[in-house]
Amino acid sequence: MPRFPPPLPPLNSAAILKAHGLRADKALGQNFLQDPIALQRIVDMSEILPTDTVLEIGPGLGALTRHLAAAAKQVVAVELDGRLLPALEETIRGFTNIEIIQADILDLDPAKIIPVPDYLVVANIPYYITSAIFRHLLETEPRPRRIVLTMQKEVAERICAKPGDMSLLALSVQVYGAPRIAAKIPAGAFHPAPKVDSAVVRVDLFRSPIIPPPQLDTFFHLAKAGFSQKRKTLRNSLSAGMKKSPAQIEETLRAAGIDPMRRAETLSLEEWRELTTRM
C-alpha cells in the first residue's frame with residue numbers, strides 16, 4: 001500500500017541553483033525533477049517498505065532524495081557532480097538516514113556501497129546513460145529487488161516493447177525482469193525543462209534471469225549479432241555475427257522453430273532462449 005508521510009515543502013530548483021552560483025550542466029544531462037506530485041508518485045509506485053535501503057543515482061539538488069528518505073530506512077545517494085554537494089547537503093539537512101557518495105555510479109560496485117541485499121534503486125537519471133546504468137545494475141550481484149527509473153519517454157517505450165518492435169535494450173532488461181511504464185511526467189515538471197517528456201519505468205526483477213546464467217554470454221552475443229544488421233533476416237545477420245555459414249544458421253533456426261527469414265525485432269524472449277540453447 002502507498003505510504004503517505006507528512007508533505008515535504010516543494011523545492012525551487014532555480015532559486016537553489018542561483019543561491020549557490022550554479023547552473024544545470026547540459027553535458028551531464030541535468031534536469032532537476034521538482035514537481036512534488038510527480039516526486040510522491042515515484043515513491044508510491046516504488047512500494048518502498050520502512051525496512052528498505054534505496055540506492056539513488058544522481059540525487060542532484062535532493063528533491064527526490066528527501067521523499068525517498070521519508071519512506072525508507074536508508075538512502076544511499078551517488079552524485080557525480082561535486083559542485084552540487086553543498087546545495088544537496090543543505091536540502092537534506094535534518095535527515096539522518098541519507099548517505100551521500102560523490103562518484104560515478106558506473107565506477108562503483110553497488111554491492112560494496114549497499115550494506116544489505118534485496119535493495120531498491122529509485123532515480124531520475126541522465127538520459128544519455130540509461131542503457132549503461134541498466135547494464136551496470138543488472139549485471140551486478142546481488143541484483144536489486146526492483147528498479148524504478150525516470151527517463152526519456154521514447155527510451156521507456158523501447159524498454160517495454162513487445163515482439164515485433166523489440167530491441168537489444170529491451171531484451172537486455174526483460175531477460176532480468178518485467179518492465180512497465182508506471183507513470184508519464186511532462187517536461188514542465190523539471191528545471192530546466194527538457195525538450196522531451198519523461199516516463200517512469202518500474203522493473204521487478206526475477207529471482208533468476210530467464211536465460212540460465214551459464215548461457216547469458218552466448219545469449220548476449222547472439223542478440224547483438226541479430227540486431228547488428230536490423231534490416232537483414234536472421235539467417236544473414238546471425239551468419240555474419242556468429243561467423244557461421246548461412247546454411248548452418250538456417251538449420252539452427254529451423255530446429256528452434258524459427259523462420260530464418262524473420263528479423264531480430266520479431267522474436268520473443270522465449271524464442272531467443274530456445275535459440276540460445278541450440279548455439
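Q: At about what angle to β6 does helix α6 run?
A: In this predicted model, local features need pLDDT of at least 70 and side-chain atom pairs pLDDT 80 or more, while totals for chains, interfaces and linings use all residues. Residues are numbered from 1 along each chain as its sequence is written, and side-chain values use heavy atoms, without hydrogens and water. Helix α6 (residues 130–138; helices are DSSP runs of H or I of at least four residues, strands E runs of at least two, numbered from the N terminus) lies across β2 (53–57), β5 (120–124), β6 and β9, in contact (heavy atoms within 4.5 Å). Between N-to-C axes fitted to C-alpha atoms, for helices over the stretch in contact, on a scale from 0 to 180 degrees, its angle to β6 is about 170 degrees.

Q: Which strands are the edge strands of the open sheet?
A: Seven strands with mixed pairing (at least two DSSP bridges) follow the order β4-β3-β2-β5-β6-β9-β7. Neighbouring strands are turned by 20 degrees against each other on average, direction ignored. Pairing on one side only are residues 98–102 and 177–185, the edge strands β4 and β7.

Q: Which residue in β9 stands opposite T150?
A: Strand β6 (residues 146–152) pairs with strand β9 (residues 198–205) in the antiparallel sense. Seven bridges join β6 and β9. Opposite T150, the residue in β9 is V200.
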